[in-house]
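Please look over the protein below. A short report on its layout, one sheet and one ligand site follows.

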Amino acid sequence: MPTFEEARSIILSNVPTLGMERVDLLGSLGRVAAEDVAAPWDMPLYDNSAMDGFAVRSEDCRAGASLRVTGYIPAGETATPAVLPGCAVRIMTGAQIPPGCDAVVPIEETEERESAVLLRGKVNRSQHIRFRGEDVRSGDTVVTAGTVLHPPDISMLASFGKAFVPVHRKARVAVLSTGDELVELGETLSPGKIINSNALSLAAAVTATGAEPVILGIARDNMKSHRERMTEGLKADVLITSAGVSGGDRDLVRDCLTELGVHQLFWRVDIKPGGPLAFGVKEGKPVFSLPGNPVSTMVTFEEFVRPALLRMMGHRRVIPPYVKATLRGEVRKKPGKVHFLRVRIEVENGVRWAIPAGDQHTGILRTMVRANGIAVLPKEKAVFADGEEVAVHLLRGDAEMLED
Ligand code: AMP
Ligand code: MG
């Protein structure tokens with residue numbers, strides 16, 4: 001039985017990286033660039049003014065000098081003929097610097113007199129000019145393959161006229177529930193039945209990871225139904241099943257996957273919750289068999305499936321960020337397994353607390369709802385003292401950790 005870390009590295013070394021597609025620029029937000037993108041021209045493309053003011057020849061500009069104003073260049077216009085000695089041209093921010101000029105004097109440092117401008121202060125050569133290529137040189141790499149695209153990257157690509165961007169394809173992820181006790185959301189609940197909530201939580205988690213869920217419905221607890229649905233599921237890039245993976249006599253998931261040619265790499269991990277967790281591949285396609293208990297399903301998704309999907313979609317950093325937090329209250333566990341303690345991270349007076357989010361039984365969904373982090377309690381340790389530091393995997397990004 002692999003440990004937590006071993007299981008995760010088996011998974012990460014057995015998932016393929018998906019190929020590339022070209023998407024429109026806005027659609028590339030949050031995706032991973034599949035190729036380097038080079039600047040097709042210098043940026044700025046021409047020397048231009050950083051201020052509203054006057055383009056001048058710095059050698060003419062002693063304090064108190066008066067220059068004749070011979071033209072006006074608004075933004076969007078091109079430069080007029082060369083500016084002659086003793087002259088200046090009124091210029092707006094972003095407009096091209098006219099030939100002959102080597103500085104801009106901001107309007108607030110001047111006084112206008114009829115058709116002349118009086119300079120109040122000292123003028124340095126090159127001041128308030130944005131020079132051609134000072135930001136990016138033609139041919140420079142502006143987006144590196146493997147980068148997650150954020151608004152500044154979108155700005156950069158837009159500035160260079162890139163309407164389409166090569167990114168890694170989104171993983172299509174088939175989500176299959178198993179069990180005779182399940183009814184679909186919207187159907188009537190009869191005695192002994194529960195709603196197939198895992199389909200929704202998994203599809204939501206897949207979407208939140210940037211991948212595309214394909215909900216396959218419910219495989220009933222017989223081989224025929226399993227075979228049909230799983231055959232369908234193996235057409236996607238990834239198949240995730242939930243439930244039917246422990247030792248019960250109706251737990252058919254592993255048998256059926258084996259029959260369908262999925263090579264199983266492990267089927268139990270030294271963790272709690274989520275111990276009955278299987279992973280296999282068929283012709284390079286990953287198959288995750290998650291436990292059925294809704295809390296275990298979500299925890300194992302976060303710890304194992306999410307990193308795998310990110311890797312497939314070209315991400316380099318796929319292991320969730322861990323932060324150190326101070327445990328509030330003593331926590332005990334049996335040695336021998338890594339425990340995933342559902343906690344609330346709260347920051348008070350600069351101390352980041354990890355507060356157990358409630359009853360840690362896997363049947364308690366409310367604890368998972370309340371949690372915004374998972375404290376990973378090491379395998380061999382049994383007692384975690386009040387005030388001890390624990391490593392917490394943040395579930396929802398940093399900003400939310402600061403809310404009251
Ligand atoms: P199993 O592994 O099939 O024994 O399922 C473990 C537990 O998870 C049982 O209590 C199931 O009723 C529950 N469960 C299984 N599948 C789902 C599902 N799709 N949605 C919600 N709960 C489920
Ligand atoms: Mg079942």
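The text moves from domains to the sheet, then to the ligand and some backbone details.

This is a predicted model, in which local features need pLDDT of at least 70, side-chain atom pairs count only at pLDDT 80 or more, and totals for chains, interfaces and linings use all residues. Residues are numbered from 1 along each chain as its sequence is written, chains are lettered from A and ligands numbered from 1 in the order in which they are written, and side-chain values use heavy atoms, with hydrogens and water left out.

**Domains**

The protein is divided into four parts: domain 1 (4-17 + 170-312), domain 2 (23-43 + 136-168), domain 3 (48-130) and domain 4 (322-400). These bounds come from an automatic or database domain assignment. The centres of domain 3 and domain 4, taken over C-alpha atoms, are 62 Å apart.

**The open sheet**

Six strands make up an open sheet with mixed pairing. Their order is β7-β4-β6-β5-β9-β8. The edges are β7 (103-106) and β8 (110-113); each has a single partner strand, so one side of each is left without a neighbour in the sheet. From one strand to the next, the twist averages 40 degrees. Axes here are lines fitted to C-alpha atoms, for helices over the stretch in contact, and angles run from 0 to 180 degrees between N-to-C directions.

Two terms need their cut-offs. Strands (E, at least two residues) and helices (H or I, at least four) are DSSP runs, numbered from the N terminus. Two strands pair if DSSP finds at least two bridges between them.

Strand β5 (residues 66-73) pairs with strand β9 (residues 116-119) in the antiparallel sense, over three bridges. Here Ser 66 stands opposite Leu 118 in β9, and Leu 67 stands opposite Val 117 in β9. Strands β8 and β9 also run antiparallel, joined by four bridges. Thr 110 stands opposite Leu 119 in β9.

In a regular strand the side chains alternate between the two faces of the sheet.

The hairpin of β8 and β9 has two residues between the strands. Glu 114 is found in this loop between β8 and β9. Its phi is positive, about 45 degrees, although Glu 114 is not a glycine.

**The ligand site**

How many residues surround ligand 1? There are 16, and the closest are Glu 181, Asn 196, Gly 244, Gly 292 and Asn 293. A residue counts as near if one of its heavy atoms lies within 4 Å of the molecule or strand. The shell divides into five nonpolar, nine polar and two charged residues. Ala, Val, Leu, Ile, Met, Phe, Trp, Tyr, Cys and Pro count as nonpolar, Asp, Glu, Lys and Arg as charged, and the others, Gly among them, as polar.

The table gives polar contacts from backbone atoms to ligand 1. Such a contact is a pair of N or O atoms within 3.5 Å; within protein, one must be able to donate a hydrogen and the other to accept it, and residues adjacent in sequence count only if both atoms are side-chain atoms.

| Backbone partner | Ligand 1 atom | Distance |
|---|---|---|
| Ser 197 | nitrogen | 3.2 Å |
| Asn 198 | nitrogen | 3.2 Å |
| Gly 292 | oxygen | 3.2 Å |

Taken alone, ligand 1 exposes 490 Å², and the protein buries 73% of that. Accessible areas come from the Shrake-Rupley method with a 1.4 Å probe; for residues, only the protein chains shown count as cover. Elements that give two or more residues to the shell are β13 (172-178), β15 (194-195) and α3 (197-208).

**Cis peptide bonds**

A cis peptide bond joins Met 43 and Pro 44, with omega about -10 degrees. Pro 44 lies in the loop between β2 (37-38) and β3 (48-49). Lys 272 and Pro 273 are also joined by a cis peptide bond, with omega about -5 degrees. Pro 273 sits in the loop between β19 (271-272) and β20 (278-282).
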